[in-house]
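Dear colleague,

I am handing over the structure we spoke about, and it follows directly below. After it I set out what was found, beginning with a single residue and then moving outward.

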Amino acid sequence: MSGTQILDAFDTAAFGPADRPDPHLYRWSNDKPVTVRMTGDAPARFRQWTEAQIERLAALTGLQISTTQGIGADVIIAFVPRFDEVLDGHYNDLLDRFVASDSRRDSLLSGYRAAGAVCAGQVNARGTHLAEAIVFIPIDRMAPVAHACIVSQLSRIMGLPFALPGDQPSTLAIDSPHAHLTELDHTMLRMLYHPRMRAGITRSDARIVALSILPEMRSDD
C-alpha cells in the first residue's frame, strides 16, 4: 500500500467518517495495565485464540494487557451461544453496564442489526483515554469466523473502532476475509500507540504525526 493509503486507513479506523463530530483520538493509557476477563462457556481453542490475540496486541501497542478472573476487569469478553441472543436482549443486563441509558443500548443493538453484525463490541472512555469495553463473541460460528471476530473486535477496542471500506486489506474492513491481523493492521496499531500519537489530539494533528512516523513504521516491518 502507498503511504497515503495507509494514512487514510488509519484516519478512518481511528476517527470515522470525515463529518463525524468530536474528531479526537482515543486510546488506552500506557500508564495503567489493562485487564481482560472472559465469561461464558466456550471451546478451549476460542480462549486460546483470545489469549494469543491479547499477547499480539500487547506486543504491538506496548500496553500491559493480561487476563484476570476478577470482577473489576477493564475488558469483558463474553462468549455467547448465538449473537442473535445479544440482539434479542438476553444480555442487556451485562450490556447496560457499558451504556448510559436504555435508549443508547437500543440504538446500539439496532445498529448491529442494520449492519448484519455477527459479533460486536462497545468501548467507553474517561476523558480521551479508553477505560472499559465489552466484546460479544458467538460460539456457534465456524472456526474461521469466530477467530476473525476475536481478532477484529479486540483490535477495535484498542482505539480503532470504525470499519474500513471492504476493499482494504484489514481485519477491520467490512466483510473482511482476513482472520488474522494483516500488515496494515500491524501498522495502524503500532501507529496508534507510538509515543508521539497522544490521546486527545485532533484528526488533523494525528495525520501530521502519522505522516512523520510512517517511515519508522515501514522500516520496522
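Leaving aside its neighbours within four places in sequence, which residues is Glu-85 in contact with? Before the answer, please keep in mind that this is a predicted model. With those sequence neighbours set aside, the contacts of Glu-85 are His-90 and Tyr-91. Glu-85 belongs to helix α3, and because its relative accessibility is 16%, under the 20% limit, Glu-85 counts as buried.

Helix α3 also takes part in an aromatic pair, and the structure holds 4 such pairs. In one of them, the ring centres of Phe-83 and Tyr-112 are 6.0 Å apart and the ring planes stand at 50 degrees, so the pair is tilted. Since Phe-83 lies in helix α3 (residues 83-87) and Tyr-112 in helix α5 (residues 102-115), the pair ties together parts that are 29 residues apart in sequence. Both Phe-83 and Tyr-112 are buried. Elsewhere, Phe-46, Trp-49 and Phe-79 come together as one aromatic cluster.

I turn next to the strands, with β6 as the point of reference. Strand β6 is mostly covered, with 8 of its 10 residues buried, and it pairs with several other strands, among them β1, β4 and β5. Strand β1 (residues 27-28) runs parallel to β6 and is joined to it by 2 bridges, one of which has Arg-27 facing His-129 of β6 as its bridge partner. The pairing of β4 with β6 is likewise in the parallel sense and extends over 6 bridges, whereas β5 and β6 run antiparallel and are joined by 7 bridges. Ile-134 of β6 appears in both of these pairings, as the bridge partner of Ile-76 and also as that of Gln-122. In the hairpin of β5 and β6, where 2 residues lie between the strands, Gly-127 adopts a positive phi near 70 degrees.

Helix α6 (residues 143-156) deserves a separate paragraph. At 1.5 Å a residue its 14 residues should span 20 Å, and because the C-alpha atoms at its ends are 20 Å apart, the expected and modelled spans agree. Of these 14 residues 11 are buried, so α6 is largely enclosed by the rest of the structure; the buried residues include His-147, Gln-153 and Arg-156, together with Ala-146, Cys-149 and Leu-154. What covers the buried residues of α6 includes the helices α2 (44-61) and α7 (183-192), along with the strands β4 (75-80), β5 (120-126) and β6 (129-138).

Finally, there is the nonpolar interior. The largest nonpolar core has 53 residues, and of these Phe-10 and Met-197 touch the most other members. The elements that give two or more residues to this core are α1 (3-15), β2 (34-39), α2, β4, β6, α6, α7 and α8 (203-220), and α1 gives the most, with 7 residues. Not counting residues up to four places away in sequence, Phe-10 touches Leu-25, Leu-160, Met-188, Met-191, Leu-192, Met-197 and Ala-210. A second, separate core consists of 16 residues, including Val-86, Leu-87, Leu-109 and Phe-136.

With best regards

Definitions and conventions: Residues numbered from 1 in each chain as written. Predicted model: local features only at pLDDT ≥ 70, side-chain atom pairs only at ≥ 80, totals over all residues. Heavy atoms only, no water. Phe/Tyr/Trp six-rings, centres within 6.5 Å; stacked < 30°, edge-to-face > 60°. Helix = DSSP H or I, 4+ residues; strand = E, 2+ residues; numbered from the N terminus. Buried < 20%, exposed > 50% of the residue type's maximum accessible area, 1.4 Å probe, protein only. Contact = heavy atoms within 4.5 Å. Expected span 1.5 Å × (residues − 1). Pairing = 2+ DSSP bridges. Core = buried A, V, L, I, M, F, W, Y, C linked by side-chain atoms within 4.5 Å.
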